[in-house]
Amino acid sequence: MNTEAELWAPQACTLPTEERPLRVAEFDALFGEAVQKVRRVDATSLSLDLQPRSEVAARAADLVVRETACCSFFTFSLVATGGSLQLEVKVPEQHADVLEALATRAEGMSA
């Protein structure tokens with residue numbers, strides 16, 4: 001049986017195994033405290049509407065910079081415009097299952 005961290009962390013991930021549950025917890029906290037809406041753009045793209053606050057933007061930016069250090073297949077874009085804040089996530093086709101797991105988690109945790 002796969003743990004939640006294993007669903008998110010394919011073999012391409014270089015984050016040490018013992019640190020993966022901590023990273024999942026960081027994403028869970030962001031999803032639960034800041035995500036207002038989850039939109040699945042397509043199989044390889046996801047958009048998360050975040051609370052439009054500077055501290056949320058800073059927290060999200062810190063987390064995704066660290067995530068791309070271990071899972072370089074992710075492309076994250078943080079977009080602030082017109083009083084809104086979105087975190088856009090893209091992956092290559094071969095990692096669509098990882099994005100699906102992330103989207104499902106965000107939907108389950110969001111406020």
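Is Cys-71 buried or exposed? Cys-71 counts as buried, because its relative accessibility is just 1%, under the 20% cut-off. Keep that residue in mind; it comes back in one of the views below. A quick word before the tour: this is a predicted model.

**View 1. The whole chain: four helices and four strands.**
Start with the overall layout. Going along the sequence, the elements come in the order α-α-β-β-α-β-β-α. The protein chain has 111 residues, and buried ones make up 42% of them. Take the contacts with a separation of 6 or more: 57% of these join residues 24 or more positions apart. As for the outside, the chain exposes about 6,000 Å², with carbon and sulfur atoms supplying 53% of that area.

**View 2. The largest nonpolar core brings together 30 residues.**
Which members touch the most others? They are Leu-46, Leu-48, Leu-50, Phe-74 and Val-89. Several elements chip in with at least two residues each: helices H2 (20-34), H3 (54-70) and H4 (96-109), along with strands S1 (35-42), S2 (45-50) and S4 (84-90). The largest share, six residues, comes from H3.

**View 3. Leu-50 and its contacts.**
Here we zoom in on one of the core residues that touch the most other members, Leu-50. Set aside the neighbours within four places in sequence, and Leu-50 is in contact with Ala-34, Val-35 and Gln-36, with Val-56 and Ala-60, and with Leu-78, Leu-85 and Leu-87.

**View 4. Asp-49, a buried residue in strand S2.**
Asp-49 sits in strand S2. With a relative accessible area of 16%, Asp-49 is under the 20% cut-off and therefore buried. What is Asp-49 in contact with, leaving aside its neighbours within four places in sequence? The list runs through Ala-34, Val-35, Gln-36, Lys-37 and Arg-39, then Leu-85 and Gln-86. Ala-34, Val-35, Gln-36 and Leu-85 also turn up among the contacts of Leu-50.

**View 5. Helix H2 and its buried residues.**
How far apart are the end C-alpha atoms of H2? They are 21 Å apart, and that agrees with the span of 21 Å that its 15 residues should give at 1.5 Å a residue. The buried residues of H2 are Arg-20, Arg-23, Val-24, Phe-27, Asp-28, Leu-30, Phe-31 and Ala-34.

**View 6. Two rings in helix H2: Phe-27 and Phe-31.**
A pair of aromatic rings is described by how far apart the centres are and by the angle of the planes. Three aromatic pairs are found in the whole structure. In the pair made by Phe-27 and Phe-31, the centres are 5.7 Å apart and the planes are at 45 degrees, so the pair is tilted. These two residues are four apart in H2, about one turn of the helix. Phe-27 is buried at 2% relative accessibility, and Phe-31 is buried at 1%. Elsewhere, ring pairs link Phe-73, Phe-74 and Phe-76 into a cluster.

**View 7. Cys-70 and Cys-71, with no disulfide in sight.**
A disulfide is a covalent bond between the sulfur atoms of two cysteines. The count for this structure comes to zero disulfides. For Cys-70, the nearest cysteine sulfur belongs to Cys-71 and is 4.0 Å away. Why does Cys-70 not form a disulfide here? The cut-off is 2.5 Å, so a gap of 4.0 Å does not qualify. Cys-70 counts as buried at 6% relative accessibility, and Cys-71, from our opening question, counts as buried at 1%.

Conventions:
Residues are numbered from 1 along each chain as its sequence is written. This is a predicted model: local features need pLDDT of at least 70, side-chain atom pairs count only at pLDDT 80 or more; totals for chains, interfaces and linings use all residues. Side-chain values use heavy atoms; hydrogens and water are left out. A nonpolar core is a set of buried Ala, Val, Leu, Ile, Met, Phe, Trp, Tyr and Cys residues joined through side-chain atoms within 4.5 Å. Buried means under 20% relative accessible area, exposed over 50%, partly exposed in between (1.4 Å probe, protein chains only). Contact means heavy atoms within 4.5 Å. Accessible areas come from the Shrake-Rupley method with a 1.4 Å probe; for residues, only the protein chains shown count as cover. The expected span of a helix is 1.5 Å times one less than its number of residues. Rings of Phe, Tyr and Trp (its six-membered ring) pair if their centres lie within 6.5 Å; planes under 30 degrees apart count as stacked, over 60 as edge-to-face and the rest as tilted.
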